[in-house]
Amino acid sequence: MKKMIITCAVCGAETTREHNPNLPLTPLEIADATYEAYLKGASIVHLHVRDKEGKATQDPMVFKEAIRLIRERCDIVIEVTTGGAVGMTDDERVAVIQELEPEMASLDCGTVNFGDEYIVNTLPTMRRFAKEMIKYNVRPTLECFDISHVTAADILIKEGLLKAPLHYGFVMNVPAAIPYDIELLNLLVSRIPKNAFWTVMGVGRACVPAHYGAFALGTGFIRVGFEDNVYFDKGVLAESNAQLVERTAKLSREAGYEIANPADVREILSLKGIA
Ligand code: ZN
């Protein structure tokens, strides 16, 4: 039976309580939200943290506190962001790799519009981050917000900076980046190496349609959570990250999948495991 890996991105960097009052912000709230999502079928948490004002921070100490609290609750795979937030420096973003040595981390694969803002990832930045991840045996999720990001990842593969098994994350429907539709998802999937794994993230209203894209193509995994989407239905805010994960698990089961647990993820993506 095919296994569906569900990633939950519980808070992200840009989502606020104005978007959804149920957004977890403190390390404790993030750990509780992660655990609730895990109970509903999430096997990876994509982790950002916030400072005392609720703003995105890459402070390793805050990450350490969130990770400690998550580990008291469950063995979910932790994928730490190196995307950080709009405007952060490379030094700030990458420090978490050395400081935390996580099992997984996101690696943004290019520069792109992000609504009215933009995120910058030059090839030298990508090389630096990829080298750090190799050094600490961290499995990157190659986040692609555009088809050209797949091309950029190809360059790193040729340079030996990315090792199999590869895992791509297709972030679709960020305003002013690649939209979600099945043709574009199929195009992205058709351009990654054979045997590579991928996860689709449908931002905003693309959330549920992207699930069906993953089912239709048959080879992909799914990410949900407040980082990508705060609504459960049109005009109806999600009560929690867990509520979104629960729906993803339900739809996946109905589509013929078994829901992967963290041990499955560690095997499928050849992770180093919890230290
Ligand atoms: Zn993120």
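**Chat notes: a threonine, a zinc site and some salt bridges**

The side chain of Thr248 has a polar atom 3.0 Å from the backbone oxygen of Leu244. This comes from a predicted model.

Q: Okay, where does Thr248 lie?
A: Thr248 is in helix α8, which covers residues 241–254.

Q: Buried or exposed, that Thr248?
A: Buried: its relative accessibility is 0%, and the cut-off for buried is under 20%.

Q: And which residues does Thr248 touch, leaving out those up to four places away in sequence?
A: Thr248 touches Ile6, His211, Ile222 and Val224.

Q: Switching to the metal. What are the protein donors of the zinc ion?
A: They are NE2 of His46, NE2 of His48, and Glu227, which is listed twice through OE. The donors lie 2.1 to 2.8 Å from the zinc ion.

Q: Why is the arrangement around the zinc ion irregular?
A: Because the 4 donor atoms subtend angles of 51 to 123°. Four donors count as tetrahedral only if all angles lie between 85 and 135 degrees. For reference, the ideal angle for four tetrahedral donors is 109.5 degrees.

Q: What spacing do the donors follow along the chain?
A: The pattern is H-x1-H-x178-E. His48 and Glu227 link distant parts of the chain, 179 residues apart.

Q: Where do those two sit?
A: Both are in loops: His48 is between β3 (44–47) and β4 (49–50), and Glu227 is between β13 (220–224) and β14 (231–233).

Q: What about accessibility, starting with His48: buried or exposed?
A: His48 counts as buried, at 4% relative accessibility. Glu227 is at 24%, so it counts as partly exposed.

Q: New topic. How many salt bridges does the structure hold?
A: There are 18. One of them pairs Lys3 with Asp264, where the closest N and O atoms are 3.1 Å apart.

Q: Which parts of the chain does that pair link?
A: Lys3 is in strand β1 (residues 3–4) and Asp264 is in helix α9 (residues 262–268), so to speak two distant parts, 261 residues apart. Lys3 is partly exposed, with a relative accessible area of 30%, while Asp264 counts as buried at 12%.

Q: Which residue does Arg266 form a salt bridge with?
A: Arg266 pairs with Glu103, and their closest N and O atoms are 2.8 Å apart.

Q: How many residues apart are Arg266 and Glu103?
A: They are 163 residues apart, with Arg266 in helix α9 and Glu103 in the loop between α3 and β7 (104–108).

Q: Is the accessibility known there; what are the values for Arg266 and Glu103?
A: Arg266 is buried, with a relative accessible area of 15%, and Glu103 is buried too, at 6%.

Q: Which residues do salt bridges with shared partners join into one network?
A: Asp32, Glu65, Arg68, Glu72 and Arg73.

Q: And what about Asp91, which residue does its side chain meet in a salt bridge?
A: Its partner is Arg128, at 2.8 Å from N to O. Here the pair links helix α3 (residues 90–100), which holds Asp91, with helix α4 (residues 123–135), which holds Arg128, and the two residues are 37 apart.

Q: Buried or exposed, Asp91?
A: Exposed: the relative accessible area of Asp91 is 52%. Arg128 counts as partly exposed, at 35%.

Notes. Residues are numbered from 1 along each chain as its sequence is written. This is a predicted model: local features need pLDDT of at least 70, side-chain atom pairs count only at pLDDT 80 or more; totals for chains, interfaces and linings use all residues. Side-chain values use heavy atoms; hydrogens and water are left out. Donors are N, O and S atoms within 2.8 Å of the metal (3.2 Å for Na, K and Ca); water is not among the atoms, so sites may look incomplete. Four donors count as tetrahedral if all angles lie between 85 and 135 degrees; four count as square planar and six as octahedral if opposite donors are over 155 degrees apart and all others between 65 and 115; anything else is irregular. Helices (H or I, at least four residues) and strands (E, at least two) are DSSP runs, numbered from the N terminus. Buried means under 20% relative accessible area, exposed over 50%, partly exposed in between (1.4 Å probe, protein chains only). A salt bridge is a side-chain nitrogen of Lys or Arg within 4 Å of a carboxyl oxygen of Asp or Glu. A polar contact is a pair of N or O atoms within 3.5 Å; within protein, one must be able to donate a hydrogen and the other to accept it, and residues adjacent in sequence count only if both atoms are side-chain atoms. Contact means heavy atoms within 4.5 Å.
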